[in-house]
Amino acid sequence: MLALYIVAGILLVIVLAFSIPVNLSFNFRTDVAGQRMLRVGWLFGLVEKNLLPRKKKLAKKPRKTKKRDLKTVLTLIRTRGVLTGIIRLVRRILKSLRVRQLNADLRVGLDDPADTGIMYAVLWPLMVRPNLFGPVTSRIEPVFEEPVFEAALQGEVTIVPAQMVANLLRSIFSPTGLRVVKVMVVSRWKRKR
């Protein structure tokens, strides 16, 4: 009986730890300086850690993509319900994010000025309704002279890890998720043979 209480206590502590919100603060720029900052805060700001910039590590050799890997990816994509499952998972994850602040400045230009105009027309509704995703300030500047992409993103987002884990488990144990797991296990077994 004591062992049952210990296991229940450990599970309760894990659930409580995952129920505490995690604050993410980020600042990314694609200009010449290439500024990157990602800070994680937990336990209501008592524990904080900078994840970016990291110390530079030795560059690893790029792994060659084998035909088997591509075949597995194609099989996964062809599996019934995978694309809708991925879209559903992304929607659930975006719903569980609480955007406290987001500032986005984009300078975008394509090869053809007409394509740039079409792209700008498609992105215009996001700028008309800026509070669609929360307190968001966005600015998109079209560049018609040359192809260019410059972005500056700054913001704060709150995540509850328990919601993220629940969303992932819900996707994995859905019928589509179980089909994907089966395809991955079978392809791994064939690779080892």
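## A tour of the second largest pocket

Welcome! Start by selecting helix α3: of the elements around the second largest pocket, α3 gives the most to the lining, with six residues. Keep in mind as you look around that this is a predicted model.

**Stop 1: the helices around the pocket.** Leave α3, residues 82-96, coloured, and add α5 (161-172) and α6 (175-192). These are the elements that each give two or more residues to the lining of this pocket.

**Stop 2: the centre.** Which residues lie nearest the centre of the second largest pocket? Select G85, S171, I172, S174 and G177 and show them as sticks. They belong to a lining of 16 residues, and the pocket has a volume of about 320 Å³.

**Stop 3: the character of the lining.** Now try colouring the lining by residue type. You will find eight nonpolar residues, five polar ones and three charged ones.

**Stop 4: the whole chain.** Zoom out and switch to a cartoon view. How many helices and strands does the chain have? There are six helices and six strands. Follow the chain along its sequence and you will pass them in the pattern α-β-β-β-α-α-β-α-β-β-α-α.

**Stop 5: contacts and surface.** Next, show the contacts. Among those with a separation of 6 or more, 69% are between residues 24 or more positions apart. Of the 193 residues in the chain, 21% are buried. Finally, turn on the surface: the chain exposes about 15,300 Å², and carbon and sulfur atoms supply 66% of that area.

Key: Residues are numbered from 1 along each chain as its sequence is written. This is a predicted model: local features need pLDDT of at least 70, side-chain atom pairs count only at pLDDT 80 or more; totals for chains, interfaces and linings use all residues. Side-chain values use heavy atoms; hydrogens and water are left out. On a 1 Å grid over the protein atoms alone, a cavity is a set of points where a 1.4 Å probe fits but cannot get out, and a pocket is an open set with protein on both sides within 12 Å along at least five of seven lines; lining residues have an atom within 4 Å of a point. Grid points are joined across faces, edges and corners, and a volume is the space filled by probe spheres set on the points. Helices (H or I, at least four residues) and strands (E, at least two) are DSSP runs, numbered from the N terminus. Ala, Val, Leu, Ile, Met, Phe, Trp, Tyr, Cys and Pro count as nonpolar, Asp, Glu, Lys and Arg as charged, and the others, Gly among them, as polar. Buried means under 20% relative accessible area, exposed over 50%, partly exposed in between (1.4 Å probe, protein chains only). Contact means heavy atoms within 4.5 Å. Accessible areas come from the Shrake-Rupley method with a 1.4 Å probe; for residues, only the protein chains shown count as cover.
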